[in-house]
Each structure stands twice: as C-alpha cells, then as structure tokens.
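The following note sets out numbered comments for a colleague who is examining the model. The points begin with the metal site and then turn to other parts of the fold.

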Amino acid sequence: MGIVFSDNPLFENWGRPLRLESNIIGLELVSGELPDTLSGCWFRAGPDWQYPSGRDDDIFIDGEGMVHRFKFENGGVSYRSRWVRTARFQAQEKAGRALFGKYRNRYTSDPSVAHISMGAANTNAIFHDGKLFALKEDDLPYELDPDTLETLGRYDHKGVVKSVCMSAHPKIDTVEDKLLTYAYQAKGDATNDIVYYEFNGDGALDNEIWFEMPFPGMVHDFSVTPHYAIFPIFPMITDLERIKQGGDFYAYYPDENMHVAIVPRRGTAKDVKWFKGPAWSAGHMLNAFEKDDCVNLDLCLYEGSCFTFLKTDKGEPTAFCPPILSRLTFNMKQHGDEFARRPIMPVPCEMPRTDDRYQGYPISHGFVIAYRGQDGTSALGKVDMSTGEMKVWSPGPRSSIHEPQFVPRAPDSPEGDGWLLVIVNRLDENHSDLAIVDANDIEAGPVALFSLPMRVRSTFHGTWVPAETIATGHHAMRRML
Ligand SMILES: [Fe+2]
C-alpha cells in the first residue's frame, strides 16, 4: 500500500506534503548583498505530514514537527531542515503508518499508542540555557542539537516542572537572559489549570504560580511586562465528554466571555486580577506594556473564533472574521472587570512580531503579515504604533510570506533598528526565497534575496539566535530605555 493523502484542500498546491529533510550548503543569492553584521541562526518550526491520516478532517495546525534553520555565517546563508523525532513520530515510523487520531484527540488514536503523547513539536523553536527546543502546547518541549537539528529527547526542565505540557509561545527576555513561559490545561486535557514559570539563564526555576481559569479554554499565547504576566483566555473550550466521543478538541462558545487574568509576576493565585469581555478571541499577542495604572495588551483580535475550522458548541460553523490589531487596556486600580478596546490599524494582519528586546515595554513599531488575499498572497507590514500607519513590502504577484523575524542591527541598537528576515513562498514557481529587509525602510524591498530550490512548506514561529549566544549559551542583548 502506497502513501495516499486525502483530497482535503489542505494537501493541494503549496500545501502538498513535502516530507523532506534538507541540507543546502550556501543558498543562491538572487540580488543584493547580505549585511555583514548578520551572524547567527534563524530557527523555525512548522508542520508537515509524516503519513496520511486516512481521515478527511485534518487541519493545518496539525502534522509532525519539522524544524528549519537558516545559518548566517561567512557572508552566506545555509539551510537545514529535520523532522522532530517525537515519541509520536517514532511510533509511526516504526509502524510505517499514521497511528494518531484527529487534532489533539487521543481518543481517536490507534489503541497501540494510547500511552504515547500526541505532541508533535510543530509550533515554535526557541533557544535558552544553551539549548534549542521545538515546542507545541500539548506536550513538554523537545530538545534538539542546534548544530545538527538531531532530536535529543523530551525536556522536563531538569525535573522541576509539574505541568504535563508547556506553551509554544514563551517569551525569552534576551536582555535579562530569562525564559518566561506557562502551561494551560496544565494537568491534562480539559483541566482548568494554568501555571506560569520563570527560568533563569542557567535553566533553574526562579518562580512558579498556579491558578485556575473559569473554563478549560484556549490560551495559545500570552504577554509579559516587567511586573505582570497577562493571560487572555478565550471561549474555545475543551469538553472531555465531547472529545471522548470523537469530537473536536475545541468548540467555540459564542455565548461565553473571554477572560483576561493579569498575574503579578511575584504574586500568587490570590493576587490575580480578572477582566471579562465579549466572546472574542486571538491567536497571537504583539506586545504589552504598563502605563500609569493600566496594563495595555496589543493583539490581533477576532470578534469571534480565530479558527474558521472550529464549530460552535451547538455544532454550527463559525463565521470568518478578520484579525484586527487592537489595544486592550486594563485598569489595575478599578473595581469592575470591564476593559477598553480600540483598533490600532484597520488592515487585517496576523503573526505580529516586535524587536523582542522591548517585549513588555512601549514600542514604536510592530511587524506583521498583512493583506492576506483570497488567492493566498500576503505582504510584510510595519505598523507605526502611535499613528496606526502601515508601510508595506509586497513580495510580488502570487507570493506570500511566513511570520517575519526582527534582528537588531547590533545588541545595543535603538528599538526597531535592524533587519527583517522573511521566508517568501513563490506559489506558482513552487519554491521559496529568503528575503532580508532593512526594518528602517521596508518599502525599498530586500537588501538581499536568496533562493531555495524547493518549498519551505509551512512554518509558524521561530527565533533569531546570534552566533555569540549559540557559543556562550546566554542571551546578551541590550535594552536602551
Ligand atoms: Fe502561534
């Protein structure tokens, strides 16, 4: 029996499974010149499909983790990709077929793998304490060798974490050399528990705060400021009975509320301040910052479900609504639980990123994927956070981009002064490019453009790691406040 993927549109055209581990020494330079200060690695993670599932309900956020690395050294760029050899991947490789069920629903898996985590390590790649990790929020991290991308195994943070999983959206404080992270549904599927963790630069646990959310919702991303950790909890809820019956892991509950927990980073569960709003949702936060008595959270906000593949709690389809970059303002001194919302920029955008040295502080600019067209095209956007004005670089017709990565020009350069790394999908030509754009002048287009001979099929999130950090194991950026 051969490999046959279903006729799910997910597997057509650009989405066709690639299933390829690559090693390209020296990418072809198409135009421009690589800035000579760029030295380090850009690690990214995304999904691909090891085997066909045999079902027709696969979704784009599922699939086995593939880690990608663009290595900048000696004036050139090399590319490598490797599967993350999770327990799930290895079990399927041994069987020669898919064994795991629909997205995050272990009750739909083959009974032979009932004891094995479904974690696919397909969402993000981060670097901390000299270690490279591939992350997905339903499992603990997988550690990889940063040089070979070989999988070293599941990582439990030196045995100190009690949660069964870890978020794929931690924040690395590259100035204080800290890992700020969390887990939700932290005691297992459909549990209400959230735990916030801070690890120091040597990987030791500095702080741990457990608290409970009002329902087992989705908490895909969070944000931090110097004094607070901010957890938006959206009404995309896991019902254990539903998943036991083979249903979807999340359903969208339009009659529920979104909740926001603001947790003092040195507090306890009793210090959490709660806010409540409509049944909005978001996948991704841009940034948060404190001002006067308020905490501000900037995020790509949907006035409904952020995933159109979700059904409501009554089994109805969810409506499409555009993600609008918005600011939520929470007054920490008020008695009520309401908060204010204002749109920052009207153009729909997603995968927001910043100069990450300034996460938690007021920033001047955000970087986004903008203009997602019906034909799959998109562009790089740079949003002025004070005016809402957006500057754009479009990679051209029938082209789309992955989440951008900001790289400071120097460890102590001003906020936003640096480069943007962007993977470009050439949809008709069936290959990818790597664009390096000056963040100070994105409309000028790439200062250097490299070409890959094949697709980088899909990546969600990633991290730039300077060569010095890989060598020392420590982040040593500067924040000019
Ligand atoms: Fe994400």
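1. The four donor atoms around the iron ion subtend angles of 88 to 164 degrees, and the arrangement is therefore irregular. A tetrahedral assignment would require all angles to lie between 85 and 135 degrees, and the upper value of 164 degrees rules this out because it falls outside that range. For reference, ideal angles at a metal are 109.5 degrees for four tetrahedral donors. The model is a predicted one, and the geometry should be read accordingly.

2. The donors themselves are all histidine nitrogens: H169 (NE2), H220 (NE2), H284 (NE2) and H461 (NE2) coordinate the iron ion at 2.1 to 2.2 Å. Along the sequence, these residues follow the spacing H-x50-H-x63-H-x176-H. One pair links distant parts of the chain, with H169 in the loop between β9 (151-154) and β10 and H284 in strand β20, 115 residues apart.

3. Are H169 and H284 buried or exposed? H169 has a relative accessibility of 7% and so counts as buried. H284 is likewise buried, because its relative accessible area is 9%. The cut-off that applies to both is a relative accessible area under 20%.

4. On internal space, the structure contains five cavities of 30 Å³ or more. The volume of the largest cavity is about 490 Å³. Its lining comprises 30 residues, of which R353, D356, Q405, G462 and T463 are the closest to the centre. Two or more lining residues come from each of β6 (124-128), β10 (171-173), β20 (281-291), β24 (349-353), β29 (405-408) and β33 (461-466). The largest share, five residues, is contributed by β33. By class, the lining is made up of 12 nonpolar, 11 polar and seven charged residues.

5. The second largest cavity holds about 80 Å³ of space. Among the residues that line this cavity are W49, Y51, R55, D58, R88 and F100. Its lining divides into four nonpolar, three polar and five charged residues.

6. Strand β3 (residues 40-48) merits separate comment. Nine of its nine residues are buried, so the strand is largely enclosed by the rest of the structure. In a regular strand the side chains alternate between the two faces of the sheet. Here both faces are covered: G40, W42, R44, G46 and D48 are buried on one side, and C41, F43, A45 and P47 are buried on the other.

7. The pairing of β3 involves two strands considered here. Nine bridges join β3 to the antiparallel strand β4 (residues 64-73), where R69 is the bridge partner of F43. β3 also pairs with β33 in the antiparallel sense, over six bridges, and R44 stands opposite G462 of β33. G462 is also one of the residues closest to the centre of the largest cavity, while H461 in the range of β33 (461-466) is a donor to the iron ion.

8. Finally, an open sheet of four strands has the order β14-β15-β18-β19, with antiparallel pairing. Its edge strands, β14 (223-224) and β19 (273-277), each pair on one side only. Two bridges connect β14 with strand β15 (residues 228-233) in the antiparallel sense. In this pairing, V224 is placed opposite A229 of β15.

Conventions. Residues numbered from 1 in each chain as written. Predicted model: local features only at pLDDT ≥ 70, side-chain atom pairs only at ≥ 80, totals over all residues. Heavy atoms only, no water. 1 Å grid on protein atoms, 1.4 Å probe; cavity = no way out; pocket = protein on both sides within 12 Å on 5 of 7 lines; lining within 4 Å. Points joined across faces, edges and corners; volume = space filled by probe spheres on them. Nonpolar A, V, L, I, M, F, W, Y, C, P; charged D, E, K, R; others polar. Donors = N, O, S within 2.8 Å, 3.2 Å for Na, K, Ca; no water. Tetrahedral: all angles 85-135°; square planar, octahedral: opposite > 155°, others 65-115°. Buried < 20%, exposed > 50% of the residue type's maximum accessible area, 1.4 Å probe, protein only. Pairing = 2+ DSSP bridges.
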